[in-house]
Amino acid sequence: MNLFTIGIVVAVAFVLQIVFRMAQMKHFSREFVELRRGGRVVCGRKSGGFYAGAVAMFQIDADGMITAAKKIEGVTVLARVKSMPGFIGKHIANLTGEEIDKSHKNLRKAVRDASLTYRKYIAGETITEPLSPLQQAGIYARTFFKSKKA
């Protein structure tokens, strides 16, 4: 294979990834809007890096009881939103993540994050955005170089 052919293959793969990512985002948005139309929605997320990331969405009533639960979990752009019927009727503040099979570690963390977000919202606390990997790397680099100067 020559360099031109490799370049074409990489370009096509890049474009396909963009198209599939857009389709995934459209599907997720449609599912989120469907939940939102039925009431308040609490989301929890855990990015996966090289492992399967997860987003858990819970539709709740005025008392915090879960009326619908959905998740998206996976490494690739082929992951789709799926229902989680085992959560219906539970109170969002009482979720611990133990309701999820241990093999789905990031989904467990996403469920815990949703519960924590709800508890913070009810308590009137601010809900902070987690740092992106780039921001974390910047903080690490600053502290690393400061310790070298001292």
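This report describes side-chain pairings, salt bridges, surface exposure and selected distances in one predicted model.

## Basis of the values

The model is predicted, and local features are therefore restricted to pLDDT of at least 70 and side-chain atom pairs to pLDDT 80 or more, while totals for chains, interfaces and linings use all residues. Residues are numbered from 1 along each chain as its sequence is written, and side-chain values use heavy atoms, with hydrogens and water left out.

## The aromatic pair and its lysine

Rings of Phe, Tyr and Trp (for Trp, its six-membered ring) are taken to pair if their centres lie within 6.5 Å, with planes under 30 degrees apart counted as stacked, over 60 as edge-to-face and the rest as tilted. By this rule the count comes to one aromatic pair. The ring centres of F58 and F87 are 5.3 Å apart and the ring planes stand at 65°, so the pair is classed as edge-to-face. The pair links distant parts of the chain, since F58 belongs to strand β2 (residues 53-60) whereas F87 lies in the loop between β4 (81-83) and α2 (105-123), 29 residues apart. The helices (H or I, at least four residues) and strands (E, at least two) named here are DSSP runs, numbered from the N terminus.

Are F58 and F87 buried or exposed? Both residues are buried, where buried means under 20% relative accessible area, exposed over 50% and partly exposed in between, with a 1.4 Å probe and protein chains only. F87 also has a charged neighbour, as K90 lies over the face of the F87 ring at 5.7 Å from the ring centre; a charge sits over a ring if NZ of Lys or CZ of Arg is within 6 Å of the ring centre and within 35 degrees of the ring normal.

## Salt bridges

A salt bridge is a side-chain nitrogen of Lys or Arg within 4 Å of a carboxyl oxygen of Asp or Glu, and the structure holds four of them. One of these joins K70 to E31, with the closest N and O atoms 2.5 Å apart. This pair links distant parts of the chain, K70 being in strand β3 (residues 66-74) and E31 in helix α1, 39 residues apart. K70 also forms a salt bridge with E34, for which the closest N and O atoms are 3.5 Å apart; here too the pair links distant parts of the chain, from strand β3 to helix α1, 36 residues apart. E31, E34 and K70 are thus linked in a network of salt bridges.

The members of this network vary in exposure. K70 has 12% relative accessibility and so counts as buried, and E31 is likewise buried, with a relative accessible area of 15%, whereas E34 is partly exposed at 46%. Leaving aside neighbours within four places in sequence, E31 is in contact with K70 and V81, contact meaning heavy atoms within 4.5 Å. A further salt bridge joins K71 and E73, the closest N and O atoms being 3.8 Å apart; K71 is buried with a relative accessible area of 18%, and E73 is partly exposed with 21%.

## Nonpolar surface patch

F4, I8, V12, L16, F20 and L78 form a nonpolar patch on the surface, with about 610 Å² of accessible area together. Patches are made of residues with over 30% relative accessible area and no salt bridge, like charges being joined within 9 Å and nonpolar side chains (Val, Leu, Ile, Met, Phe, Trp, Tyr) within 5 Å. The areas come from the Shrake-Rupley method with a 1.4 Å probe, and for residues only the protein chains shown count as cover. Within the patch, L16 belongs to helix α1 (residues 3-37) and has 45% relative accessibility, so L16 counts as partly exposed.

## Other residues and distances

T117 is found in helix α2 and is buried, with a relative accessible area of 19%. Not counting residues up to four places away in sequence, T117 touches C43 and I127.

H104, in the loop between β4 and α2, is partly exposed with a relative accessible area of 28%. The C-alpha atoms of H104 and G53 are separated by 9.6 Å, with their positions 51 residues apart along the chain. K146, in helix α3 (residues 133-149), counts as exposed at 59% relative accessibility. K146 and I8 are 138 residues apart in sequence and 44 Å apart in space, C-alpha to C-alpha.
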